[in-house]
Amino acid sequence: MTEFWLISAPGEKTCQQTWDKLMVATTRTNNLSTNHKLNIPDLKVGTLDVLVGLSDELAKLDTFVESVVKKVAQYMADVLEDSRDKVQENLLANGVDLVTYITRFQWDMAKYPIKQSLKNISEIISKQVTQIDTDLKARASAYNNLKGNLQNLERKNAGSLLTRSLADIVKKEDFVLDSEYLITMLVVVPKTSYNDWNKTYETLAEMVVPRSTKFTVREFQYNEEEMKADKEEMTRLSTDKKKQFGPLVRWLKVNFSEAFIAWIHIKALRVFVESVLRYGLPVNFQAMLLQPNKKNMKRLREVLYDLYKHLDSSAAIIDASMDIPGLNLSQQEYYPYVYYKIDCNLLDFKV
């Protein structure tokens, strides 16, 4: 499964005890999930007001960054075209697959210095990912235009004889050129009618083709310059596309990694902020990453509820499908423990 549940619970006497309790309840006896600690450094807490405001801002930023991560991943798939089976091996974070990156998460101190305020760190991420989004739009637009022009030319040179260019089919010697009295007309005849055509074409009337519903007359003027220009344009576009392909894939790989890393840091920030708001100060909670066993997800949710229901008795009556004024539950389910989902299935097709 590529779905993770990122949760936190307050430290008991120690945070290790919180971890041990989770392991006993979910793994050691019933194999409900595979669990990992998520290491969050000592971030600057700031004031309560700032934390409350930041909680909302981070929720919006989370949604935005996830959308950019998915856009870059999907565009990688579009660019790789027939090699879509190679998409997954190009979608890496810090040079490793996404599951490995998440389960071995280490805060990037160089990119997101923890001496900065939480607000500043979120702004660094926001600027960074906004820039990736802007660059992606520009690069995708340029490459798509090139690809579209090439496809139009290829379409012109392929497909049915009724519509395709005849430039690479007919030769100069097939035509009577520059004659005052003769015009060469090209006729498209279905193969099944070829014998009939051979028997009758010489007796056709001067101006009208009998049974013209069966045979299509093509408007075509033999123009060597135009045919040469078309071929040269197709070669140029094809060469340009090949030249741009490598650098574009490299850019997508690098910036997918950057955006994904930023996204997981946002999840860590959200867990930190929400845990401080829920569990209070001093900071004392354990962040835990659960990879649910698909068959036992409902049971895992029940076990977690039993384990943590004492943290918030009101959570017992709150169902994510209920419409309660003042509580925005449509975006995020509510549980007695802090909870965020991370879904690594970023493509809208299976590779």
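Begin by selecting N94, which is found in the loop between helix 3 and helix 4 (98-103), where helices (H or I, at least four residues) and strands (E, at least two) are DSSP runs, numbered from the N terminus. N94 has a positive phi of about 55° although it is not a glycine, and at 54% relative accessibility N94 counts as exposed; here buried means under 20% relative accessible area, exposed over 50%, and partly exposed in between, with a 1.4 Å probe and protein chains only. Before you go on, note that this is a predicted model, in which local features need pLDDT of at least 70 and side-chain atom pairs count only at pLDDT 80 or more, while totals for chains, interfaces and linings use all residues. Residues are numbered from 1 along each chain as its sequence is written, and side-chain values use heavy atoms, with hydrogens and water left out.

Next, select N31, in the loop between helix 1 (15-28) and strand 2 (33-37). Its phi is near 50°, a positive value in a residue other than glycine, and N31 is partly exposed, with a relative accessible area of 47%.

Another backbone feature is found at P282, in the loop between helix 7 and strand 5 (285-292). Select L281 together with P282, and look at the peptide bond that runs from L281 to P282, which is cis, with omega near -5°.

Now turn to the charged side chains. A salt bridge is a side-chain nitrogen of Lys or Arg within 4 Å of a carboxyl oxygen of Asp or Glu, and by this rule the count comes to 14 salt bridges. Select D62 and R270, whose side chains meet in one of these, at 2.7 Å from N to O. This pair links distant parts of the chain, since D62 belongs to helix 2 (residues 48-80) and R270 to helix 7 (residues 224-279), 208 residues apart. How accessible are the two partners, buried or exposed? D62 is buried, with a relative accessible area of 3%, and R270 is buried too, with a relative accessible area of 12%. Add K267 to the selection, and you will have D62, K267 and R270, which are linked in a network of salt bridges.

Then select E81 and K241, which form a salt bridge with their closest N and O atoms 3.1 Å apart. This pair also links distant parts of the chain, with E81 in the loop between helix 2 and helix 3 (87-90), K241 in helix 7, and their positions 160 residues apart. E81 is partly exposed, with a relative accessible area of 30%.

For another salt bridge, select K298 and E302, whose side chains meet at 3.7 Å, N to O. The two residues are 4 apart in helix 8 (residues 297-308), and are therefore separated by about one helical turn. E302 is partly exposed, with a relative accessible area of 34%, whereas K298, at 65% relative accessibility, counts as exposed.

Continue to H310, in the loop between helix 8 and strand 6 (338-343), which is exposed, with a relative accessible area of 59%. The side chain of H310 reaches the backbone oxygen of L307 at 3.4 Å. If you also select P336, you can see that H310 and P336 are 26 residues apart in sequence and 7.7 Å apart in space, C-alpha to C-alpha.

The last stops are the aromatic rings. Rings of Phe, Tyr and Trp (its six-membered ring) pair if their centres lie within 6.5 Å, and planes under 30 degrees apart count as stacked, over 60 as edge-to-face and the rest as tilted. A search of the whole structure finds 10 aromatic pairs. Select W107 and Y112, whose ring centres are 6.4 Å apart and whose planes stand at 75°, so the pair is edge-to-face. W107 is buried, with a relative accessible area of 8%, and Y112, at 1% relative accessibility, counts as buried.

Move on to Y335 and Y337, which form a stacked aromatic pair, 5.5 Å centre to centre with 10° between the planes. Y335 counts as buried at 17% relative accessibility, and Y337 counts as buried at 1%. Widen the selection to W5, Y308, Y335, Y337 and Y339, which ring pairs link into a cluster.

Finally, add R301. A charge sits over a ring if NZ of Lys or CZ of Arg is within 6 Å of the ring centre and within 35 degrees of the ring normal. The charged end of R301 sits over the ring of W5, 3.8 Å from its centre, and also over the ring of Y339, 4.3 Å from its centre.

Notes:
Polar contact = N/O pair within 3.5 Å; in protein donor to acceptor, adjacent residues only side chain to side chain.
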